[in-house]
Amino acid sequence: MSKKCIKCGHALPDDASFCPHCTAVQTEKQEIKTPRRWKRATLTVLGILIFIGIIGVAVSMYHRPKVYEGGAQIDYVDKDKTYKVLLTFSEGDGVTGHAQGERTDTLAEGQDSALPCQLYVLNQDTGKLAWEEFSKEVESCRVDTKPADGSRKMEYIEPMYNESFPDAAYTSDIYFTSESGTNDIVWTVKMKNGDTISLSTRLTIEKLPAVTYHAEDTPMETTEELQELLDSIDKEVSSDTPVYLYLPAVTYDGDITFGDHTWGIHGCTNGDAETTFTGIVSLKGLNGNYADISGIRFEGSSGTGLDAYCFASASECSFEGWDIAVYSHSGGWVNTTDSTFTDNKIGLKFDTTMSYGSSPNYLNNTFTGNGTAVCIDNLPGNEVIDFAGSTFYGNDTDIENKAGHTIDTAKATFE
């Protein structure tokens, strides 16, 4: 035993913690130091900084640009408002907040057409249209078409506000042919706050096989032969089947009626002779059937030249000498382009409260020497009738717009 009591000096075992003789504790007392206050302060500050950092990250995550992706409809939150943003091809569906995720149309073989794809914005809480306030926050709006396998890419115009669809924020016309197949119409809207809205709808065009008649192999040299052919078509060809007629350069005297089909009626010239109608040509298509007419002369002395109960388009045609050269009524709508109206009492007349179709661009027509070049008594829809490139001169009245329908003559010429 080498250890001694620190108090009495008595010998003790090496591991003794107290002395049995004097009961003195053998462990030396150590000073316990009070913790320094700066360490505690540092830890407190560090904790506060970490808390602030977490809040900052949360705020940053909340305010960072967002991507909204959906089909034909999404709900977009901006500040304290929620907007319903949707796509449709129907104005009626748009104003009532019904998106159109897909649409299928039929088109006659060899034909081309277009549909207006429209973007609508409604306040989610009130259900009211809100495109004006929404558009103020838009930086850009783009459209693209993506064809499915085996389909052809549809053409389009970049979206813009269109007065013909005044309740839509943006409208893009989608152009297609009977061979287009299926395309996804993809919209990308970039907001000024950095958000991106992506929407899409699908358009499918189904081709209708057509029946074609040529003057070279089908009798149609006289009014009687042509009417006999038209009557046989009504009996033997389904009304769903488009019919194309390539008429000879002859003059048809007397009235002609085209029945309930989609028609392609094409005239021609042969020297000084050209396909000419001198009697009333009536178009009786129903349920979406229509007529495309081109290269035909309508020459009369009274009465009505082209009498349309359905949608029709006339290009590179001439109308002369009629009381009413082109008359749209009872659901009809006739669009004319690159055509001439000369010495008629009324050149182009609308008097219909409904329409089976519409096409508002009356481009590059010439109206000369008519009593009234264009008369609008009644006309449905909001489409802006555009006379861009058309010329009016020598008419008693150029445009008589009794219906107060919106027209655009900014790019027309009046002499």
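Reader: Which residue in β35 is the bridge partner of Cys375?

Author: The bridge partner of Cys375 in β35 is Glu400. This is a predicted model, in which local features need pLDDT of at least 70, side-chain atom pairs count only at pLDDT 80 or more, and totals for chains, interfaces and linings use all residues. Residues are numbered from 1 along each chain as its sequence is written, and side-chain values use heavy atoms, with hydrogens and water left out.

Reader: How do you know that β32 and strand β35 pair?

Author: Two strands pair if DSSP finds at least two bridges between them, and strands themselves are DSSP runs (E, at least two residues; helices are H or I, at least four), numbered from the N terminus. Four bridges join β32 to β35 (residues 397-401), so the definition is met, and the two strands run parallel. On β30, five bridges lead to β32, again in a parallel run, and Asp351 has Asn378 in β32 as its bridge partner.

Reader: Why is Cys375 called buried?

Author: Buried means under 20% relative accessible area, exposed over 50%, and partly exposed in between (1.4 Å probe, protein chains only). Cys375 has 2% relative accessibility and therefore counts as buried. In strand β32 (residues 372-378), six of the seven residues are buried, so this strand is largely enclosed by the rest of the structure.

Reader: What makes Tyr356 partly exposed?

Author: The relative accessible area of Tyr356 is 34%, so this residue is partly exposed. Tyr356 lies in the loop between β30 (346-355) and β31 (366-368).

Reader: Why does Cys117 not form a disulfide with Cys141?

Author: A disulfide is a pair of cysteine sulfur atoms within 2.5 Å, whereas the sulfur of Cys117 is 9.9 Å from the closest cysteine sulfur, in Cys141, and is therefore too far for a bond. Cys117 is itself buried, with a relative accessible area of 0%. Searching the whole structure gives zero disulfides.

Reader: What makes β13 and β28 the edges of their sheet?

Author: Six strands, paired in parallel, form an open sheet in the order β13-β14-β17-β22-β25-β28. Each of β13 (211-214) and β28 (333-337) has a single partner strand, so one side of each is left without a neighbour in the sheet. For β28, strand β25 (residues 311-315) pairs with it in the parallel sense over five bridges, and Ser315 stands opposite Thr337 in β28.
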